[in-house]
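Biologist: I am new to this protein and would like to understand how its parts are arranged. May we look at its sequence and model together?

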Amino acid sequence: MPRIGYIVTDLPGQHIEEDELKIQNEDCDIIYRERYNREGKSTELRKLIDNLNSGDEVVFLSMANAFKGARQMCLFLNIARIKNLRLIFLRDRIDSHEEKYESSTEKLFNAVATLAEDSYAIRKMKKHHVNRETTRSRVKRIRNEKCVELYKAGVPTDDIKKQVGFRSKSSVFRILKESGVNVDRRRNNEE
């Protein structure tokens with residue numbers, strides 16, 4: 001009966017070195033590492049499920065780390081029931097065979113109750129972070145394109161600076177240089 005580890009990484013506020021060490025200390029034969037993605041695709045979890053045999057042991061960091069919601073957890077627990085798997089959730093202190101941790105209904109209820117709350121908070125944090133980065137980078141790209149277009153159209157750098165919203169002409173020249181535009185600073189007596 002092999003012992004299989006599973007961990008989701010790249011979560012907001014995660015101490016990955018600490019989490020990895022917890023899983024490695026469980027003497028797992030193989031560890032599946034899943035990078036968190038908002039779309040809900042858990043390719044490594046799917047591989048883990050496909051490679052499970054009856055009686056295997058699966059070690060998770062926690063229910064909230066392993067599953068994106070109650071539905072995904074319930075589907076996995078049904079597979080575990082059918083294949084008679086031993087499940088260990090380290091942070092939740094749950095062991096389905098009561099060897100590592102004593103059985104406790106309270107621990108189980110707490111883990112399940114916080115699953116939805118934790119997974120929602122993670123999705124919300126990741127969504128907000130990604131959208132903010134996308135908006136910033138898009139605004140910056142549009143601003144830089146406008147700067148290049150104005151320069152190529154022959155607009156003086158003082159006017160470009162004002163239209164684009166820069167404080168100095170050096171920012172205009174930096175953008176032009178980064179965009180690969182040959183700059184003639186003597187054009188219109190500019191420096």
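**Sheet, helices and pocket**

Biologist: In which sense do S1 and S3 pair, parallel or antiparallel?

Modeller: S1 and S3 are joined over four bridges; two strands count as paired if DSSP finds at least two bridges between them. Within this pairing, Tyr 6 has Phe 60 of S3 as its bridge partner. The sense in which S1 and S3 pair is parallel.

Biologist: What kind of model is this, and what pLDDT do local features need?

Modeller: Residues are numbered from 1 along each chain as its sequence is written, and side-chain values use heavy atoms, without hydrogens or water. The model is predicted: totals for chains, interfaces and linings use all residues, side-chain atom pairs count only at pLDDT 80 or more, and local features need pLDDT of at least 70.

Biologist: How many helices and how many strands does the protein have?

Modeller: Both are DSSP runs numbered from the N terminus, helices being H or I over at least four residues and strands E over at least two. Along the sequence they follow the pattern β-α-β-α-β-α-α-β-β-α-α-α. The totals are seven helices and five strands.

Biologist: Which strands stand at the edges of the sheet?

Modeller: The five strands form an open sheet of mixed pairing, in the order S2-S1-S3-S4-S5. Two of them have a single partner strand each, so one side of each has no neighbour in the sheet. These edge strands are S2 (30–35) and S5.

Biologist: What angle does helix H2 make with S2?

Modeller: S2 runs parallel to S1 (residues 3–9), and six bridges join the two; in S2, Ile 31 is the bridge partner of Gly 5. Helix H2 (residues 43–50) packs on this sheet and touches S1, S2 and S3 (57–60), where contact means heavy atoms within 4.5 Å. Axes are lines fitted to C-alpha atoms, for helices over the stretch in contact, and angles run from 0 to 180 degrees between N-to-C directions. On that basis the direction of H2 makes with that of S2 an angle of about 150°.

Biologist: Are the side chains along S3 buried or exposed?

Modeller: S3 also runs parallel to S4 over four bridges, and the partner of Phe 60 in S4 is Phe 89. Glu 57 and Val 59 point one way from S3, and Val 58 and Phe 60 the other way. With buried meaning under 20% relative accessible area, exposed over 50% and partly exposed in between (1.4 Å probe, protein chains only), all four are buried.

Biologist: Which residues does Glu 20 contact beyond its neighbours within four places in sequence?

Modeller: Glu 20 is found in helix H1. Its relative accessibility is 14%, so this charged residue counts as buried. Beyond those neighbours, its contacts are Ile 7, Thr 9 and Arg 33.

Biologist: How far apart in space are Val 172 and Lys 161?

Modeller: Val 172 lies in helix H7 and counts as buried at 0% relative accessibility. Leaving aside neighbours within four places in sequence, its contacts are Cys 147, Thr 157, Ile 160, Lys 161 and Phe 166. Val 172 and Lys 161 are eleven residues apart in sequence, and their C-alpha to C-alpha distance is 6.4 Å.

Biologist: What is the relative accessible area of Asp 27?

Modeller: Most residues other than glycine have a negative phi. Asp 27, in the loop between helix H1 (16–24) and S2, has a positive phi of about 55°. Asp 27 is exposed, and its relative accessible area is 63%.

Biologist: How much space lies in the largest pocket?

Modeller: A pocket is an open set of points, on a 1 Å grid over the protein atoms alone, where a 1.4 Å probe fits, with protein on both sides within 12 Å along at least five of seven lines; lining residues have an atom within 4 Å of a point. Here the lining has 19 residues, and Leu 87, Ile 94, Asp 95, Ser 96 and Leu 108 lie nearest the centre. With volume taken as the space filled by probe spheres set on the points, which are joined across faces, edges and corners, the largest pocket holds about 350 Å³.

Biologist: Which element gives the most to the lining of the largest pocket?

Modeller: At least two lining residues come from each of H4 (70–83), S4 (86–89), S5 (94–95) and H5 (105–152). The most from one element is three residues, and they come from H4.
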